[in-house]
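Subject: Handing over a structure, with notes

Dear colleague,

Please find below the structure I promised to pass on to you. My notes on what was found in it follow underneath.

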Amino acid sequence: MDEPTGALTSTSGFTPEPVPTARLILLPLAVEHAQEMAAVLADPALHTFIGGEPASPAALRARYERLVAGSPDPAESWCNWVIQLRDDGRLAGFVQATVTEPHEPVADTATAGARAVGHRHLDEATPAAAGPVAEIAWVLGTQWQGRGIATEAARGMAGWLGRRGVRTLMAHIHPDHRVSAAVATACGLAPTDVWQDGEVRWTGAP
């Protein structure tokens, strides 16, 4: 399905837009999504590989306020979407991308801010590319797993990023997280020999 043509608001200023797929609509994250998303992400098992614990609606709202405000680093964009099911309008999870121009170093203070809200900065081991690099991630609520939704959402996001100039995709995946590895493979990513925080770096093109 065709989607609206987006624009870069600055050199690396990507502004998330609705991204339709066959069964889903990726909606740009809004603070108002916190209440429903707290229930979607309430299963402690979801945090086995990604760390942390389920957040209350109030805590998630505070996190979303920071995400929506955007990165403090002007060379970096935080793109966040919630996954909405077309058939019933319910939210089922989220996808996100941290888009960075890799040729410029990033201050440690900005890195700390990114990690605090769930985005990860690229580091000096990141390969330079002829264009922006996006680190992508996805989380799907337990009851919607096993239906290919995470793959469809991640591929929809990857396509949107590629059409807007991103040349390299990256993900960091726990070596035991086979389901997430399958999603990465479906997005065209392959594992590398680089490790970060106990996870394997996967890279590929949109």
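I begin with a single residue, R90, whose place is in the loop between β3 and β4, the latter being residues 91-100. Please keep in mind throughout that this is a predicted model. R90 has a relative accessible area of 38%, so it is partly exposed. Leaving out residues up to four places away in sequence, R90 touches E36, I83, Q84, L85, Q143 and W144. The C-alpha atom of R90 is separated by 9.6 Å from that of V40, although the two residues are 50 apart along the chain.

The sheet comes next. Eight strands form an open sheet with mixed pairing, and their order across it is β1-β2-β3-β4-β5-β6-β8-β7. At its edges are β1 (19-20) and β7 (190-196), each of which pairs on one side only. As a general matter, the strands of a sheet pair through backbone hydrogen bonds, in either a parallel or an antiparallel way. Both senses appear here, as the following pairs show: strand β2 (residues 24-28) and strand β3 (residues 76-85) are antiparallel and joined over five bridges, whereas β5 pairs with strand β6 (residues 168-173) in the parallel sense over three bridges. In the first of these pairs, L24 has L85 of β3 as its bridge partner, and L85 is also among the residues that R90 touches. In the parallel pair, A134 stands opposite L169 in β6.

Strand β5 (residues 133-140) deserves a closer look, since seven of its eight residues are buried and the strand is therefore mostly covered. Its pairing with β4 is antiparallel and runs over eight bridges, with I136 in β5 serving as the bridge partner of A97.

Turning to the helices, I would start with α3 (residues 57-69), which has 13 residues and should therefore span 18 Å at 1.5 Å a residue; its end C-alpha atoms are indeed 18 Å apart, in agreement with that expectation. Which residues of α3 are buried? They are L60, Y64 and L67, and because they cover an arc of only 60° around the axis, they lie on the same side of α3. These buried residues pack against α1 (34-40) and β3, while the face turned away from the buried side carries the exposed residues A58 and A69. The helix is followed by G70, which has a positive phi, near 95°.

Helix α5 can be checked in the same manner: its 15 residues should span 21 Å at 1.5 Å a residue, and the end C-alpha atoms are 21 Å apart, which agrees. The buried residues of α5 include I149, A150, E152, M157, W160 and L161. Just after this helix, G165 takes a positive phi, of about 105°.

W160 leads on to the aromatic residues. The structure holds two aromatic pairs. In one of them, the rings of W81 and W160 have their centres 5.2 Å apart and their planes at 75°, so this pair is edge-to-face, a term used here for planes over 60 degrees apart. Since W81 lies in strand β3 and W160 in helix α5 (residues 149-163), the pair ties together parts that are 79 residues apart in sequence. Both W81 and W160 are buried, and together with F14 they form one aromatic cluster.

A third helix, α6 (residues 178-186), contains S180. This serine counts as buried because its relative accessibility is 10%, and the cut-off for buried is under 20%. Setting aside neighbours within four places in sequence, S180 is in contact with W138 and I173.

Finally, a word on the cysteines. How many disulfides does the structure hold? The structure holds zero disulfides. C79 is buried, at 0% relative accessibility, and C187 is likewise buried, with a relative accessible area of 8%.

With best wishes

Notes. Residues numbered from 1 in each chain as written. Predicted model: local features only at pLDDT ≥ 70, side-chain atom pairs only at ≥ 80, totals over all residues. Heavy atoms only, no water. Pairing = 2+ DSSP bridges. Helix = DSSP H or I, 4+ residues; strand = E, 2+ residues; numbered from the N terminus. Buried < 20%, exposed > 50% of the residue type's maximum accessible area, 1.4 Å probe, protein only. Contact = heavy atoms within 4.5 Å. Phe/Tyr/Trp six-rings, centres within 6.5 Å; stacked < 30°, edge-to-face > 60°. Disulfide = S-S within 2.5 Å. Expected span 1.5 Å × (residues − 1). Arc of directions from axis to C-beta.
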